[in-house]
Amino acid sequence: MADVSIEVTVNGQPRRAAVEPRLTLADFLRERCQLTGTHLGCEHGVCGACTVILDGQAVRSCLVFAVQADGGEITTVEGIAGPDFVTSVTAFLRDNPSPTDEEIRAALSGNLCRCTGYQGILAAVRAAADTTINQEAR
């Protein structure tokens with residue numbers, strides 16, 4: 001199958017590439033862009049380790065082909081200003097800057113955590129939301 005030319009913006013930088021139609025966005029980001037913060041866990045869209053923001057929406061990059069992102073704007077974990085944020089939470093807090101604990105749990109339901117039972121993650125999202133609110137109040 002012939003390669004397809006794509007143009008995307010990744011973390012604010014324009015990128016052009018010729019890719020196989022079956023190349024996933026996750027593999028494109030990791031292999032072609034050397035952005036290894038996008039992890040491959042389950043490769044079924046369940047774990048959330050490959051989440052990126054594509055045109056403002058959190059998506060599982062293992063389920064999206066690179067050709068589907070043609071013309072799109074992609075933000076990976078490397079492109080997020082603060083090191084304390086992950087992509088799903090960044091998109092969530094942008095849309096809901098003052099979430100309840102139940103809203104946080106619902107937003108993170110697509111991410112698997114095998115070690116903490118989500119309590120640490122819940123506390124981190126709450127702290128990020130509180131920090132954002134405090135910064136905006138200044």
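Visitor: How many disulfides does a search of the whole structure find?
Guide: This is a predicted model, in which local features need pLDDT of at least 70 and side-chain atom pairs count only at pLDDT 80 or more, while totals for chains, interfaces and linings use all residues. Residues are numbered from 1 along each chain as its sequence is written, and side-chain values use heavy atoms, with hydrogens and water left out. Taking a disulfide as a pair of cysteine sulfur atoms within 2.5 Å, the search of the whole structure gives a count of 0.

Visitor: Which cysteine sulfur is closest to that of Cys50, and why is there no bond?
Guide: Cys50 is buried, at a relative accessible area of 4%, where buried means under 20% relative accessible area, exposed over 50% and partly exposed in between (1.4 Å probe, protein chains only). There is no bond because the two sulfurs are 3.6 Å apart, which is too far, and the closest one belongs to Cys62.

Visitor: What is the strand order of the open sheet?
Guide: Strands (E, at least two residues) and helices (H or I, at least four) are DSSP runs numbered from the N terminus, and two strands pair if DSSP finds at least two bridges between them. The sheet has 5 strands with mixed pairing, in the order β2-β1-β5-β3-β4.

Visitor: Which residue in β5 stands opposite Thr9?
Guide: Strand β1 (residues 4–10) and strand β5 (residues 73–75) run parallel and are joined by 2 bridges. Opposite Thr9 stands Glu73.

Visitor: At about what angle to β2 does helix α1 run?
Guide: Axes are lines fitted to C-alpha atoms, for helices over the stretch in contact (heavy atoms within 4.5 Å), and angles run from 0 to 180 degrees between N-to-C directions. Helix α1 (residues 25–32) lies across β1, β2, β3 and β5, and its angle to β2 is about 110°.

Visitor: Which residues touch the most other members of the largest nonpolar core?
Guide: A nonpolar core is a set of buried Ala, Val, Leu, Ile, Met, Phe, Trp, Tyr and Cys residues joined through side-chain atoms within 4.5 Å. The elements giving two or more residues to the largest core are β1, β2, α1 and β3. Among its 18 residues, those that touch the most other members are Leu25, Phe28, Leu29 and Ile74.

Visitor: What is the relative accessible area of Thr38?
Guide: Thr38 has its place in the loop between α1 and β3. Leaving out residues up to four places away in sequence, Thr38 touches residues including Leu29, Cys50, Val52 and Thr76. Thr38 is buried, with a relative accessible area of 1%.
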